[in-house]
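Colleague: I've got the model open on my screen, and I'd like to talk through it with you. Where should we start?

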Amino acid sequence: MSEELPTGPKESPPAPRAAPREVWKKGGRLLSVLLAVNVLLLAGTFVSGGAFNKVAVYDTDVFALLTTMMLLAVLWILFYLLRTVRCPDTDAVPYRDAHAGPIWLRGGLVLFGICTLVMDVFKTGYYSSSLECQSAIKILYPITQAVFVIVQTYFLCISAKDCVHSHLDLTRCGLMFTLTTNLAIWMAAVVDESVHQAHSLSSPHGNTSHTRLALELERAGSPVGEDCSCNTAICQIFQQGYFYLYPFNIEYSLFASTMLYVMWKNVGRLLASSTHGHSHTPSLLNLFRETFFAGPILGLMLFVVGLAVFIIYEVQVSGERGRTQQALVMYYIFNIVCLGLMTLVSLSGSVIYRFDRRAMDHRKNPTRSLDMALLVGAALGQYAISYYSIVAAVAGTPRELLAGLSLAHALLMIAQHTFQNVFIIESLHRVPPGAEPHGTPPKEPCHGLTFASLDTLHTLPACPPTPRLVGPSPAGPQGAVSITLAPRGHWRYRCLKDISLFLLLCNIILWIMPAFGARPHFSNTVEVDFYGYSLWAAIVNICLPFGIFYRMHAASSLLEVYMLS
């Protein structure tokens, strides 16, 4: 008797072996995220508790926790380097993401890392000068941070593009722990700087150095005595020096965190090939020659004027009442002019893109996704400060000069952030001129066609953006290169380069002002009188660090837009 075959639907073939690994991919990410959240909450508890004098959490406790975290992160980084760099035969990194860790990001990381090392030297010298009443952990902390910065910078410079395919869960947890360590250092630096600003503003006519020292000794539970006073010139140089280098330490931690996040996203990622990307990477000199020079010149003028305004503001804001008001009026007028020009320029760039025939790049790119998320998320801090200022200016006394300037400044700040984000995000999604997206062949190839001009070529959407020579050509290879590079000389791309350079320089000067101590939010009494000092100080101290980070991140994104335009 023959066996009757089943008549039901055919069973689907078994899933490939890689399926369970892909299913656990989300579980591995969840495990690393839970580890990072718990460690970050613990560090945040110590850091925030140490910021208040009445809480029995001292600076030594915070330094001990951060030192332990940095040492553990250094041990994991050394393990990673020994496994991937010293033993390349293990095939732990079969792919490398060409978009991750661009040269400008690694250059900024090295620059901020060097400044952080100088800050650690100043901190070590400052705490060593008063060792009799300071704990040894305060000297060990900057030394450990210097070692951590050196090891992490080397690690990120050579491994930022890695797509790891071995020990996936351990790698994810290690990357997330290192990222959390950088965020904890960032929180500690921001809190320390905010406490310093609050006490400096509460006694504007007092000596900032002695105020700072008294604050630290009070938080450490030690009485202010003659033995701990910072009276020598070297001690005061160390003290002021490491405070003014805090902005670079803050930016270093954020730059490292973004690069570590991209590495975390690339763990276990499969790519078509290990060497891909844009076929043409022009040099910075060639790009600069293709501008109209209007953007760089105007941006440099605003940068120099902004530095002068910032210096005059810092000198006059702590003086007499009349000089303080003049400094505030000058500060607000410069910012209003700068923000207005940046808004118009960003709008012009968006209008230029309406006439651009370049294709949109919608491929998966963790670096670009993170850039967009950080731009939108960091802008929320400045949005919050601006809306609080608008309510205070409108509901208070808008007829006063400072109230009107504060209102105009807040409105322009919202408009500038919005239009600049639109311009940057659209620029990052555009395919560079003369480059064809890798792995996206044209729908209908145009082999064998002869084009009389590049304008005719761009009117055919089915054709690749980069023309290719078919058969021998008397022009040879140089002719092919000239055809590929010709679109870069178009007036639209020159305008986009000028716009990118102008916005980049403006964002840098707008980062320098608040990062190095400009706080018109407290010198201008409009918001302080309306909300009260405690509430307004909490709003500014929470939101302003995100606004400072936005300026530096926008500058780095604009540099990438400039390179790809």
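Modeller: Let's begin with the empty space inside. Keep in mind that this is a predicted model. Counting enclosed spaces of 30 Å³ or more, the number of cavities comes to seven.

Colleague: What volume does the largest cavity have?

Modeller: Rolling a probe the size of a water molecule over the atoms shows where empty space is left. For the largest cavity, the computed volume is about 280 Å³.

Colleague: Which residues lie nearest the centre of the largest cavity?

Modeller: The lining of that cavity has 22 residues. Those nearest the centre are Tyr331, Gln382, His409, Met413 and His521.

Colleague: And which helix gives the most to the lining of the largest cavity?

Modeller: Several helices supply at least two lining residues each, among them H11 (321-354), H12 (366-395) and H13 (401-428). H16 (491-515), H17 (520-523) and H19 (533-564) do so as well. The top contributor, with five residues, is H19.

Colleague: Let's move to Thr153. Is Thr153 buried or exposed?

Modeller: Thr153 sits in helix H4, residues 137-159. The cut-off for buried is under 20% relative accessible area. Thr153 has 11% relative accessibility, so it counts as buried.

Colleague: Which backbone oxygen does the side chain of Thr153 reach?

Modeller: Leaving aside neighbours within four places in sequence, Thr153 is in contact with Leu109, Val110 and Tyr252. Its side chain also comes to 2.6 Å from a backbone oxygen, and that oxygen belongs to Val149.

Colleague: How far apart are the C-alpha atoms of Leu111 and Tyr252?

Modeller: Leu111 is part of helix H3, residues 103-129, and its relative accessibility of 49% makes it partly exposed. Leu111 and Tyr252 are 141 residues apart along the chain. In space, their C-alpha atoms are separated by 8.5 Å.

Colleague: What share of contacts in the protein joins residues at least 24 apart?

Modeller: The protein has 19 helices and two strands. Take the contacts between residues at least 6 apart in sequence; the share joining residues at least 24 apart is 85%.

Colleague: One last check, on helix H10: what distance separates its end C-alpha atoms?

Modeller: H10 covers residues 294-316, and its buried residues include Gly295, Leu302 and Tyr313. At 1.5 Å a residue, the 23 residues of H10 should span 33 Å. The model agrees with that expectation, since the end C-alpha atoms are 33 Å apart.

Conventions
Residues numbered from 1 in each chain as written. Predicted model: local features only at pLDDT ≥ 70, side-chain atom pairs only at ≥ 80, totals over all residues. Heavy atoms only, no water. Helix = DSSP H or I, 4+ residues; strand = E, 2+ residues; numbered from the N terminus. Expected span 1.5 Å × (residues − 1). Buried < 20%, exposed > 50% of the residue type's maximum accessible area, 1.4 Å probe, protein only. Polar contact = N/O pair within 3.5 Å; in protein donor to acceptor, adjacent residues only side chain to side chain. Contact = heavy atoms within 4.5 Å. 1 Å grid on protein atoms, 1.4 Å probe; cavity = no way out; pocket = protein on both sides within 12 Å on 5 of 7 lines; lining within 4 Å. Points joined across faces, edges and corners; volume = space filled by probe spheres on them.
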